[in-house]
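I opened this entry to record what I looked up, starting with burial and then going on to ring pairs and charged pairs.

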Amino acid sequence: LTRNAAGSALIKIGDTQVLAAVTLFIGQPTSISTNTATTNEGENDNVNTGQEESSTATGGGGGGDLAVVVSSSGGGNGQSNYSDYSGRIQTILRQSGMIDFRSLVVIPKKAAWRLNITCQVLNDNGNIYDAALLASIAALTDTKLPSTKEEQDGMVYIVEGISGSNGDKQQGISSSQRLNILQHNIPIPLTISLYEIEKQQKQKKHQDDNDVIMGDNTTSDDDHTTKVKNTIMLADPTTLEQTHEQSSLTVVVIGCRDSKKRTTKPKILNVRLSGNIRLNASRELSVATHMAFGRAKEVMSLLQY
């Protein structure tokens with residue numbers, strides 16, 4: 001989609017549009033730990049990556065790195081500060097393990113690729129996080145690493161227009177290749193707006209001792225009725241829906257493919273809840289997880305890599 005990018009993708013969710021582009025730089029190898037989790041005050045942020053070691057551990061030589069920036073082009077509501085989304089997406093991409101950072105090494109202990117992902121919000125009508133993360137993933141699957149050459153002065157240069165044939169390798173030119181995407185570690189998000197409403201419900205009495213039986217999240221109003229709290233869940237919320245939401249829930253699951261590129265059962269990577277609504281694990285969270293699994297299977301069938 002963009003001529004000067006190594007990979008790019010355009011994602012549309014409703015009226016929201018995000019264009020992502022991957023640009024490449026060569027720098028010193030780094031070491032990134034993927035087995036970390038943080039919990040912020042007022043939010044529940046639980047991560048389970050299933051990884052016990054750094055994805056960039058190469059015998060002390062390190063690996064590549066990535067950075068994500070989400071910015072606005074002035075479309076939609078005109079929001080210009082997406083720094084929170086930038087950090088969250090960068091963390092998810094690292095923790096998911098979808099990128100083999102070791103494969104980004106150009107020269108062990110000397111040079112490695114750095115991936116810069118720029119997400120341009122063309123139109124903001126809500127759910128920017130999901131759109132930007134999906135755009136980043138699609139752009140990465142479209143990314144091709146160019147050929148490189150190490151000169152006598154130790155500097156590494158990008159070689160344009162070289163396919164990387166055997167003759168090129170004899171001249172010290174590395175072959176170009178697609179970015180190594182681990183197809184069993186693709187993070188797929190689903191954001192849900194939550195709203196809590198109360199309705200009157202008649203009390204039910206036990207047949208034996210007339211004890212009042214009330215379910216979860218109920219409060220007694222008088223001798224005849226109770227107030228029952230119900231939670232409404234809206235997936236892929238618009239700007240208007242997010243403006244009036246009482247809580248926001250984002251579930252990120254790992255979309256999986258087997259060796260034959262068949263979609264397999266997803267697994268939970270990250271759950272983030274903000275706001276004042278308390279969710280029931282056996283009801284709302286279970287429904288949200290089921291919806292996220294469905295989204296993962298849908299997206300995985302669309303990704304081409």
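Before reading off burial I fixed the cut-offs: a residue is buried under 20% relative accessible area, exposed over 50%, and partly exposed in between. I looked up Y82 with these; its relative accessible area is 1%, so Y82 counts as buried. I also note that the model is a predicted one.

Entry: overall counts.
I listed the secondary structure and got 5 helices and 17 strands in the protein chain. The chain has 305 residues, and 44% of them are buried. I then looked at contacts with a separation of 6 or more: 75% of them join residues 24 or more positions apart. For the accessible surface of the protein chain I noted about 16,100 Å², with 46% belonging to carbon and sulfur atoms.

Entry: aromatic rings.
How many aromatic pairs does the structure hold? I found 2. In the pair of Y82 and Y85, the ring centres are 5.8 Å apart and the planes stand at 25°. Stacked pairs have planes under 30 degrees apart, so I filed Y82 and Y85 as stacked. In the pair of Y85 and Y129, I read 6.3 Å between the centres and 45° between the planes, so that pair is tilted. I checked where the partners of the tilted pair sit: Y85 is in helix α1 (residues 83–96) and Y129 is in helix α2 (residues 128–141). The pair therefore ties together parts that are 44 residues apart in sequence. Both Y85 and Y129 are buried. Taken together, the ring pairs link Y82, Y85 and Y129 into a cluster.

I also looked for a charge at this cluster. The charged end of R88 sits over the ring of Y129, at 3.9 Å from the ring centre.

Entry: salt bridges.
My reason for looking was that side chains of opposite charge can pair when their charged atoms come close. I found 6 salt bridges in the structure, and I wrote up some of them.

I took R114 and D65 to begin with; their side chains form a salt bridge with 3.7 Å from N to O. Which strands hold the two residues? R114 is in strand β6 (residues 111–123) and D65 is in strand β4 (residues 65–72), so the pair ties together parts that are 49 residues apart in sequence. On burial, R114 is partly exposed at 28% relative accessible area, whereas D65 is buried at 14%.

I then looked up D100 and R102, which form a salt bridge whose closest N and O atoms are 3.3 Å apart. D100 is buried, with a relative accessible area of 14%. R102 has 43% relative accessibility and counts as partly exposed.

Next I looked at R295 and E298, whose closest N and O atoms in their salt bridge are 3.8 Å apart. Both residues lie in helix α5 (residues 284–302), with their positions 3 residues apart, about one turn of the helix. R295 is buried at 15% relative accessible area, and E298 is partly exposed at 46%.

Finally I checked for shared partners. Salt bridges that share partners join D65, R94 and R114 into one network.

Methods. Residues are numbered from 1 along each chain as its sequence is written. This is a predicted model: local features need pLDDT of at least 70, side-chain atom pairs count only at pLDDT 80 or more; totals for chains, interfaces and linings use all residues. Side-chain values use heavy atoms; hydrogens and water are left out. Helices (H or I, at least four residues) and strands (E, at least two) are DSSP runs, numbered from the N terminus. Buried means under 20% relative accessible area, exposed over 50%, partly exposed in between (1.4 Å probe, protein chains only). Contact means heavy atoms within 4.5 Å. Accessible areas come from the Shrake-Rupley method with a 1.4 Å probe; for residues, only the protein chains shown count as cover. Rings of Phe, Tyr and Trp (its six-membered ring) pair if their centres lie within 6.5 Å; planes under 30 degrees apart count as stacked, over 60 as edge-to-face and the rest as tilted. A charge sits over a ring if NZ of Lys or CZ of Arg is within 6 Å of the ring centre and within 35 degrees of the ring normal. A salt bridge is a side-chain nitrogen of Lys or Arg within 4 Å of a carboxyl oxygen of Asp or Glu.
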